[in-house]
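Please look over the sequence and the coordinates below before reading on. The paragraphs that follow move from charges and rings to a loop arginine, a loop glycine and the enclosed spaces.

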Amino acid sequence: MKKGGVLATCLFLVTTILIVIGTIKPVPSALAYASRDGREIASSSTPEAALNNLGAEIRAQAWGKAYANLANKTQFTQEEFVRDLTGKYPCLRSSATLNNFEVFPLHATTDDAEARMKFYWSTSVGVLPDSRDLHLVRRGDRWEAEWPIQKEPTAPPQVIPVNYLRWDVIYRGAGDDWGAQDVESPHVRIIDMHPVERADGVFLLGELLNEDVVPAYVSVSATLLDKNHARLETEGSFDKISHLLLPKQVTPFLILFPNMSLSKVGSIRMTPFSTLIPASADPVIELDNERLNPMPSPSLTGQLINQSGQVVNVAHVLGTFYDRNGQVVWVADQYIDRALVPQSPVSFDLHIPEDLAGKISSQRTVVSTYSFGGAA
């Protein structure tokens with residue numbers, strides 16, 4: 001019993017001593033992986049460490065800590081720094097969280113350095129990337145980054161006349177004596193569809209036409225059947241489509257069946273959906289400086305210009321790419337994570353797979369817009 005008591009006392013004393021040592025002088029690994037409450041997680045004795053600290057502070061939304069560690073903070077306020085990251089107007093970035101970031105050193109000397117940071121923001125439509133090139137300076141035994149502030153434009157006071165079509169819908173109410181009569185759903189039609197097999201699986205590419213005289217909210221689903229007409233998979237088009245179609249408008253669609261092979265497919269059953277909704281032809285988004293860029297980085301670039309008098313909170317750019325025969329080769333899209341301010345150009349960049357770039361002869365771009373209060 002005495003031996004057991006002595007052993008217990010020794011263990012208690014050793015444990016207490018280790019706790020005290022760990023509190024006074026934590027090991028480097030503990031410092032490197034400190035909590036995400038905005039505290040410095042490692043020494044900023046190198047440019048990479050300084051940027052890793054900055055990224056961790058932004059991810060933890062420790063705005064005060066991140067701003068305080070910037071080398072050029074006297075050039076802008078903390079509020080402007082936060083708005084640069086989260087958006088001046090409500091947009092996808094406003095409610096986004098930083099999922100991950102990467103640091104890429106570009107150049108360094110004894111007292112300054114250049115590096116690139118890539119941020120991956122989690123939003124309601126998926127992960128959206130952002131890239132910033134930063135200059136860093138050494139001050140004593142630590143490095144600090146100069147943040148490349150990008151101030152969003154502000155629309156000047158002005159009067160913008162509007163003259164656009166608008167459709168309102170009156171549905172049958174519970175007390176209306178209309179019998180079974182109600183407003184009919186718009187007529188939509190698939191005007192092109194063909195499957196393509198790629199490394200990711202089977203893609204269905206095509207276009208959908210609203211052939212009615214009223215606006216429609218549209219969607220498309222597809223079912224793959226085997227050679228015995230048994231169902232293999234059913235998928236729908238969520239983001240690779242423009243859901244709001246005005247009369248006679250066309251939208252592309254792309255539906256992915258992951259890990260599927262065309263050799264298993266005997267037939268395809270397509271089902272378009274449409275619902276009548278109120279809509280207007282405003283805001284008008286102008287496409288400017290569109291350009292198909294060749295290899296080695298094929299893409300479609302251009303600018304969006306909001307010609308209306310209202311701020312567009314979210315813009316969705318859809319590019320349809322055709323071969324010489326007019327068949328759809330690919331569909332690409334991009335969500336703009338910043339709000340579109342009236343009359344202020346915003347750039348877009350749609351990536352094109354390298355193996356398809358040589359087949360593309362023409363393209364068509366459509367833009368869907370969403371403002372608080374509904375789709376526009």
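In this predicted model, the charged end of R198 sits over the ring of W330, at a distance of 5.2 Å from the ring centre. A second arrangement of this kind involves a lysine, since K118 lies over the face of F104, with 5.5 Å to the centre of that ring.

Turning from charges over rings to rings beside rings, a search of the whole structure finds seven aromatic pairs. Among them is the pair of F76 and F81, which is stacked, with 6.5 Å from centre to centre and 25° between the planes. The angle counts as stacked because planes under 30 degrees apart are placed in that class. Both partners can also be described by their accessibility: F76 is buried, with a relative accessible area of 4%, and F81 is likewise buried, with a value of 0%. These two phenylalanines belong to one aromatic cluster, which they form together with Y67, F119, W121 and W147.

A further residue to follow is R338, which is found in the loop between β17 (328-336) and β18 (346-351). Is this loop residue buried or exposed? R338 counts as buried, because its relative accessibility is 14% and the limit for that class is under 20%. The side chain of R338 reaches the backbone oxygen of R83 at 3.4 Å. Leaving aside residues up to four places away in sequence, R338 touches R83, D84, L85, T86, G87 and C91, and its contacts also include R93, R132, E152 and N313.

A contrasting loop position is that of G140, which lies between β3 (126-139) and β4 (142-146). With a relative accessibility of 61%, G140 counts as exposed, because the exposed class begins over 50%. Although G140 and S45 are 95 residues apart along the chain, their C-alpha atoms are separated by 9.1 Å.

The last feature is enclosed space, for which a search of the whole structure finds three cavities of 30 Å³ or more. The largest cavity holds about 80 Å³ of space, and its lining is made up of S44, A50, N53, L54, E57, A66, N69, L70, R142, W143, E144 and A145. Which elements give two or more residues to this lining? They are α3 (47-59) and β4, and β4 is also the strand that bounds the loop of G140 on one side.

Key. Residues numbered from 1 in each chain as written. Predicted model: local features only at pLDDT ≥ 70, side-chain atom pairs only at ≥ 80, totals over all residues. Heavy atoms only, no water. Phe/Tyr/Trp six-rings, centres within 6.5 Å; stacked < 30°, edge-to-face > 60°. Buried < 20%, exposed > 50% of the residue type's maximum accessible area, 1.4 Å probe, protein only. Lys NZ or Arg CZ within 6 Å of the ring centre and 35° of its normal. Helix = DSSP H or I, 4+ residues; strand = E, 2+ residues; numbered from the N terminus. Polar contact = N/O pair within 3.5 Å; in protein donor to acceptor, adjacent residues only side chain to side chain. Contact = heavy atoms within 4.5 Å. 1 Å grid on protein atoms, 1.4 Å probe; cavity = no way out; pocket = protein on both sides within 12 Å on 5 of 7 lines; lining within 4 Å. Points joined across faces, edges and corners; volume = space filled by probe spheres on them.
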